Amino acid sequence: MSLETLTELLTRGRFVALTGAGISTESGIPDYRGPTTRERARNPIQHRQFVESSAARQRYWARSVVGWPKMAAARPNAGHHALAELERRGHLSGVITQNVDGLHHAAGSRTVVELHGALARVRCLGCDTVEPRSEVQARLLQENPGFSPEDAAMAPDGDAELGGVDDFRVVDCRACGGVLKPDVVFFGGSVPRPVVDDAFALLDTADALLVVGSSLAVFSGYRFVRRARERNIPVALVNLGPTRADGEATLRVEGRAGEVLPALALALQP
Ligand code: NAD
């Protein structure tokens, strides 16, 4: 389908964007199910594992202390900026994102529902106190002065144990000494109801849904396509490769978010 058809569809009213990992690959953050990542072996941490096992938390934090600087340094790309611009101009009422990278806010988007939370925040499982990830990072580095990225790169997802990770010291909540968890929804965890309600409320104001860079394999994103169809509003997809909603979308544009969205913003220029 062409950009003209997409523009025609979105020009009729205000739309909401549902974004996934694919909008951030051009910022250097890998997705899960993209053309190059689909076959890659992955073993992301499960919610229960994190909550129940101190060894799993130790492995998680050891890996993430190395991964965080790259995430923190990522900058929004042309796709994020185009959505922020479309919101400023009144075409877009807001973004529902499955991403945890904060790049929509960084691009200047104002109405953003972060379905799966944000890695920039850490929350205490005991007292709910929130601490910026940057401060937790500083504390982790202070507690583990000798820890090297090589130790973490070798950190296993299974039960094998390596000296470097075994010795890694995890930090606790500054307020109550409780267990800290990144403020994101891990696999097997659930999106808090008020967040889902906010996302549905936003979608219910829209005349169309634009999905960008998501395979929609995860139900927490796919349910918004369902809702849009129940409301009889059009659903447009901008993606590289197949999605779960290919058979039910009004139209589908095969392309890079960082190219299609700026072109769309230009075409929707008054
Ligand atoms: P996904 O990995 O399942 O799907 C991403 C889709 O985007 C794929 O179909 C891929 O081919 C496509 N894609 C890749 N680059 C693209 C580009 N430049 N333009 C257009 N399309 C592109 O992602 P998902 O549906 O968001 O599900 C993954 C889950 O993992 C989400 O729940 C999310 O929270 C989490 N996740 C988040 C991040 C992040 O915050 N950036 C990164 C990886 C995973």
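Student: How far is the sulfur of C176 from the closest cysteine sulfur, and in which residue is that sulfur?

Tutor: This is a predicted model, where local features need pLDDT of at least 70, side-chain atom pairs count only at pLDDT 80 or more, and totals for chains, interfaces and linings use all residues. Residues are numbered from 1 along each chain as its sequence is written, and side-chain values use heavy atoms, leaving out hydrogens and water. A disulfide is a pair of cysteine sulfur atoms within 2.5 Å, and the structure holds 0 of them. The sulfur of C176 is too far for a bond, its closest cysteine sulfur being at 3.5 Å, in C124.

Student: Is C124 buried or exposed?

Tutor: Buried means under 20% relative accessible area, exposed over 50%, and partly exposed in between, with a 1.4 Å probe and protein chains only. C176 has 43% and is partly exposed. C124 has a relative accessible area of 1%, so C124 is buried.

Student: Which strands stand at the edges of the open sheet?

Tutor: Strands are DSSP runs of E, at least two residues, and helices are runs of H or I, at least four, both numbered from the N terminus. Two strands pair if DSSP finds at least two bridges between them. The sheet has 3 strands in the order β5-β4-β6, with antiparallel pairing. Each edge strand has a single partner, so one side of each is left without a neighbour in the sheet: these are β5 (130–132) and β6 (180–184).

Student: Over how many bridges do β4 and β6 pair?

Tutor: G117 stands opposite V184 in β6. Strand β4 covers residues 117–124, and its antiparallel pairing with β6 runs over 4 bridges.
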